[in-house]
Amino acid sequence: MKNLKGFMTAAAVAAAMLAFPAGAWAAQEVVVGGAISLTGRYSEPAGRLKDGRTLWVEEVNARGGLLGRKVRLVLRDDRSDPSTAVKLYERLLTQEKVDLCVAPYSSPITEATASITERYKCPIVADGAATRSIWGKGRKYIFGLVGPSDDYLRGAVEIAAKKGYKRIAIVNEDSLFSKAAANGAAMYAKKHGLQVVLKEEYPRTQTDFRPLLLKVKALNADALLGGSYFVDAAAITRQLKELNINLKIWAATVGPGLPRFTKDLGPLAEYVLGSTQWEPVPALGYPGIKEFIAKYAKRFGEKPNYHASQGYAAMLILEEAVKKAGKLDREALREQLTKLDMMTHYGRYKVGPDGFNSGKGLLLFQILKGERRLVWPEESQEVAPVVPLPAWDKRPTM
Amino acid sequence: MSKRALEAPAAPAPASLAEELPAGKAALQLAAIALSLFSFVLWPGLVNVYQISFVFFGLQYVVLASSWNIISGFTGYVSFGHVAFFGIGSYTTAILVAKHGWPWYLTLPLAGLLAVVWAAFIGFPCLRLKGPYFAISMMGLNEVLRVVALSWESLTGGGLGITMPNAENSVSTYYAGLAVAALTVAMCYAIAHSRFGLRLAAIREDETAAEAMGVPTTRYKMYAFMLSAFWPGVIGGIVAYKLLYIEPDSTFFIAITVNMITMAMLGGKGTVLGPVIGAAILYTAQELVWWYIPWLHLIAYGAFIILIVLFVPRGIMGYLIDRGWVAKGVIQ
Amino acid sequence: MAERTPGWVYAVYLALALAGAGLPLALAWEGFVGWLAQARSMTSLAVTLQVLASGILQGGLYAVIAMGLTMIFGVMRIINVAHGEFLMVGAYMAFVFFMMLLPEELHSLFTSNLGMAILGVGVFLLICLPLMFLFGMGVQRLLLNPVVGGPELTPLLITFGLSLILINTFISVFSSDFRAIPYMSGALVVGNLALGYPQVISVAVSAAVTGGVFGFLKFSRLGKAVRATAQNADVAMVCGVNVERIYLYTFGFGTALAATGGVLISIQLAFSPEIGGIYILRSFAIIILGGRGNYLGALAGGILLGVIEGFISFFVSQGSQLQELAAYTLLVFMLLVRPQGLLGGIADE
Amino acid sequence: MRAEGAVAGEFILDIQAMTKRFGGVTAVNNCSIRVPRNIVAGLIGPNGSGKTTLFNLLTGLLRSDGGDYFYKGEPMVGLTPHEIFNRGISRTFQIIRVFREMTALENLVAVSRDGDLGGVRRRALELLDFVTLLRLKDEYAGNLSYGQQKLLEFVRALMSDPEVLLLDEPAAGVNRTLLNTLLDRIRQLRGQGKSILIVEHDMKVVMNHCEKIFVLDYGELIAEGLPEEIQRNEQVIEAYFGHK
């Protein structure tokens, strides 16, 4: 019995020591920490975000570090779960004592962790969240980078309006970002006097959209707009063909913008419209865009998508703020991030009074011959959009 | 079972259980409890916020595993959806705090109470189901709640979840969690050492025989189920407030149920201390593995569950009991 | 031997039940009102038929999956929580075969001609199913054999542990991305009906598999032994049935059926390592609907659920959310009202 | 051969035309039995003659399909098992149903009536001593030998101080020594004014210890009387040997 007690005490002490490692970093390092979804449903886009940040860390260390100190990036897995991410930020800020924080991926997780970063007054550039409501709660330490989710489908609505299509169907996944995108689309449709004949949500686990699409067909919709991530956008595209439903416009958020969309769907992906924050298209004309694409492609063997671009851009902005402040003091950083006005390869960073990046707009592309070609807004247009989409049986056979 | 007892069975037996313990041993036990409580009370003063939270979430699992133990360990009805009560508590607190501005601590009794109401509501029909059917029904009902929380947007915010106003809450929630954990364990102790607890165990061992031997099984199962729902509801409320954000998928998360079960099993289900020990060990181990080898974490956990079930089904307490280090039974 | 309940308890319960039922009812009503507004412009016989057909096709898939589960549940009385993951393994087998092993030039063989496509799936199943059968037997021998007949918690936890291992192993190998096989797209258009090729293939294959299972259980010696064991393991043992071996085969069969479902999913829907969860609770609903160990019941239940989901999803506004609710409420409702299933299952005690 | 001159109050159990069917099989058929007060009575019959089913009807574990029965003149049909138990009818089971993962002592305390725990504990210890199990009081019931479990079940049935004790095959599988202890205890209980109804196959036990015997066949009462009467009864002999 005595042995047992001794053993258990020893085990408890050992466990406690393992569980609470003091920040193991060297004092001369600048530690940048955050939660990221290494596993779980967000791991794909979150991985791109991580790649973008990694590229920056390697570069900044090569050019001598931040304020003369080496930078270390500490990203911990939040399992794509908001409550885990909350615990992680608390740990990073109070136990690991990181110097700077980076944001998690996805709107729900950012929404959840914003309370923690706010409590510890740690400024954060949210490169993985586009939902405006996160900034509508009087928070002072969170800064937007990307264009608002409400605007994702704006381009598609405007094209529909211009072509004189009247009946719009909007479907979206039941989650923070997709919902905001769908609501935005409905708002713009109303503004242009279009009729929203269907607005429906589906759960995150949905893979079978056939009944929903039959409904779209029965309602005789001209355009289908999807507030979607990858799976749902791909499944809807396939099932549109299976059910032989011909739409004049089919536009979706996120999904079509991922390289895998064209790879997986092949010819089915043709003509799908997709919204994007950014595309690896030098013609966008942002400063350093060409160099960034090249550097990224060299390091990771593929062109960056917009998530990777955001991850990299957020780090550039943070770097700039630190340089301007001349120290890692969080209040000073906050002040810098509030008043910074900066152009990067990704576009303009300039936040409004609520901390949201007002300088950033959305783009719309169409997949043509397997390539994403910008079609909206007109000033960035590469080619004119092909609308109405050709009927399934009028397309060249595969 | 001394010789004296065998020779003179008519000798006056002690009037209560406490008297049975030698005074020294009882004092030692009391001292141990007081000491551990005392160190838990001091803890926030000694460490940083993360370490407070670390222990807090451990306490959360002490509450959850101990509560699950009441219906499933003592009574033998395997609740495979116990996180539902946790979720109800979470949403009660979150809604009242975020939308109606209640102080969080006032919402807790209501959080527990609503969980009990739900338990009473579903327990009446479900506790008639036997074995696997009860387990499946609990799992199904948890999914029902999850989908309702997802779809009833006006109340729950749907998939958007609910954000509560920011607050400095680490220490206050810690003490609340500590109090709830202490009360839960105390309740389990009281149940285990009462005839109520023995009758629950009788239901677990043989429901028909228990009923034939005068145990009003239907009523007792209901009581056990409702008791096992209360504290998860309360701790659910505290956790929601601690995180300041909840959403359906991670609130009605089946993995939390499995955690409760595995912890109770590891420590030894049907005992008072088992779930506490199991929660402490498994929670610490999980945090460690996940922090250092995230990709392995769940694979290792799955393997761990299988190993426990196959090789130590009666848990640590069971092992100690078999070794004779801990007495069999609570009434001696 | 339920305790006699005083009247007031029923009264209170009724009140609570009404309040509780009000919740989904309110949601459904809201949807119904929304639907009425649209219905006039939407509903027609052709559309209804299309929804019905779509539901039946989907239900056929559910039935195959549920049949494996009900087989295991019926014979061994084990709730196999890992059934959804066996399905997922099947889908990934198809993925590996199609995307990694099959030369790309041969893809067109399976994507251009309906007959070839069905043949292709059939041939693939001939390779895949024996493997999954062996896998299932291995699981039974190593993990479940020691605990069959024990308390229900044990196999429940073991299979849950197994599902965690499978999901996360597959995540580390394939990542948690959704995958899809560029199988036959397009539709068989019959009048106003458009039947997606993948679904047609899926139903053809599941009909064949279902028929095979029925024939096997009905006519083969082994099948009869399986049914006898399901009725009463002790009696079967006394009658000279090697029950342990029957368990082994049963679990193998159940696993192979799950994998069949997975293969059929892989050719029509997207899948990820976490996909099992979508199908497992639906399968529980179906086997409770059909009755434990009742294969015909599983078939009927599967199709019924497919049709119900299709109709809810189509006719009720915001029906996609409620569609999920349908399976779960059906599950719980059936358990409470008629746990032996619509068609009656193997008697429990 | 009916018992004659019976006044209602004399009978502690008055079973009137009880019937129980399982599907197509009638397990207990229109069975009427009157058990006098303060007696050791035997209930015998070939396998499957409905003895255990009758016990289950009497204790409320099964609902009868017809008939009625009275305990001390009170109607008992429709009561739940624990209500019947609380009126004073207790039982043991044919297949042992002790609470295996509870100690011997806990087995007894669990089924006690509400009241002072100290007193209950004292009574439980006395009872364990009564059947020589005191030194095993802290052992799991499941770890006891078969015979010891039978004894434990026996005293568990006594814990609530019932007036009627229904024993389902108490002698089966019990060794001589333990059996003698058990029979000894049954006699003592008879001496305390209890009524005991025993289902038993061991004819030696039945004939030597029961004052009155009821014989069931195919769920029907075919004979009742003193042991020596039963031994000579043609119908009984046929029931036991004729069918085979």
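## Exercises on two interfaces and a sheet

Chain D and chain B bury about 3,400 Å² between them, with 60% of that area on carbon and sulfur atoms. The model you are looking at is predicted. Let's work through it together.

### Exercise 1

Describe the contact between chain D and chain B, from residue counts down to a salt bridge.

**Solution.**

- Step 1. Start with the residues: 41 from chain D touch 35 from chain B.
- Step 2. Look for charged partners. There are three salt bridges between chain D and chain B. One of them joins the side chains of D206(B) and R97(D), at 2.7 Å from N to O. This lies inside the 4 Å cut-off for a salt bridge.
- Step 3. Add the polar contacts, of which nine residue pairs are found across the interface of chain D and chain B.
- Step 4. Find the elements on the chain D side. Those that supply at least two residues are helix 2 (81-87), strand 6 (89-91), helix 3 (104-110), helix 4 (117-130) and helix 5 (146-158) of chain D. Helix 4 of chain D has the largest share, seven residues.
- Step 5. Sort the chain D side by class: 16 nonpolar, nine polar and 16 charged residues.

### Exercise 2

Now do the same for chain C and chain B: how much area do they bury, and which helix of chain C gives the most residues?

**Solution.**

- Step 1. The buried area is about 4,400 Å², and 82% of it is on carbon and sulfur atoms.
- Step 2. Each chain brings 48 residues to this contact.
- Step 3. A search for salt bridges between chain C and chain B returns zero. The count of residue pairs in polar contact is zero too.
- Step 4. On the chain C side, helix 6 gives the most, with 13 residues.
- Step 5. By class, the chain C side holds 33 nonpolar, nine polar and six charged residues.

### Exercise 3

Trace the seven-stranded sheet of chain A and find the helices beside it.

**Solution.**

- Step 1. Follow the order 7-6-8-9-10-13-14; the sheet is open and its pairing is mixed. Its edges are strand 7 (195-202) and strand 14 (371-376).
- Step 2. Neighbouring strands are turned by 25° against each other on average, direction ignored.
- Step 3. Zoom in on strand 10 (273-276) and strand 13 (363-368) of chain A, an antiparallel pair with four bridges. Here L273(A) stands opposite Q366(A).
- Step 4. Helix 5 (154-163) of chain A packs on the sheet, at about 65° to strand 14. Helix 6 (176-191) of chain A lies across strands 6, 7 and 8, at about 165° to strand 6.

Key
Residues are numbered from 1 along each chain as its sequence is written. Chains are lettered from A and ligands numbered from 1 in the order in which they are written. This is a predicted model: local features need pLDDT of at least 70, side-chain atom pairs count only at pLDDT 80 or more; totals for chains, interfaces and linings use all residues. Side-chain values use heavy atoms; hydrogens and water are left out. Two strands pair if DSSP finds at least two bridges between them. Axes are lines fitted to C-alpha atoms, for helices over the stretch in contact, and angles run from 0 to 180 degrees between N-to-C directions. Contact means heavy atoms within 4.5 Å. Buried area is the accessible area (1.4 Å probe) that two parts lose on being put together, summed over both. A polar contact is a pair of N or O atoms within 3.5 Å; within protein, one must be able to donate a hydrogen and the other to accept it, and residues adjacent in sequence count only if both atoms are side-chain atoms. Ala, Val, Leu, Ile, Met, Phe, Trp, Tyr, Cys and Pro count as nonpolar, Asp, Glu, Lys and Arg as charged, and the others, Gly among them, as polar.
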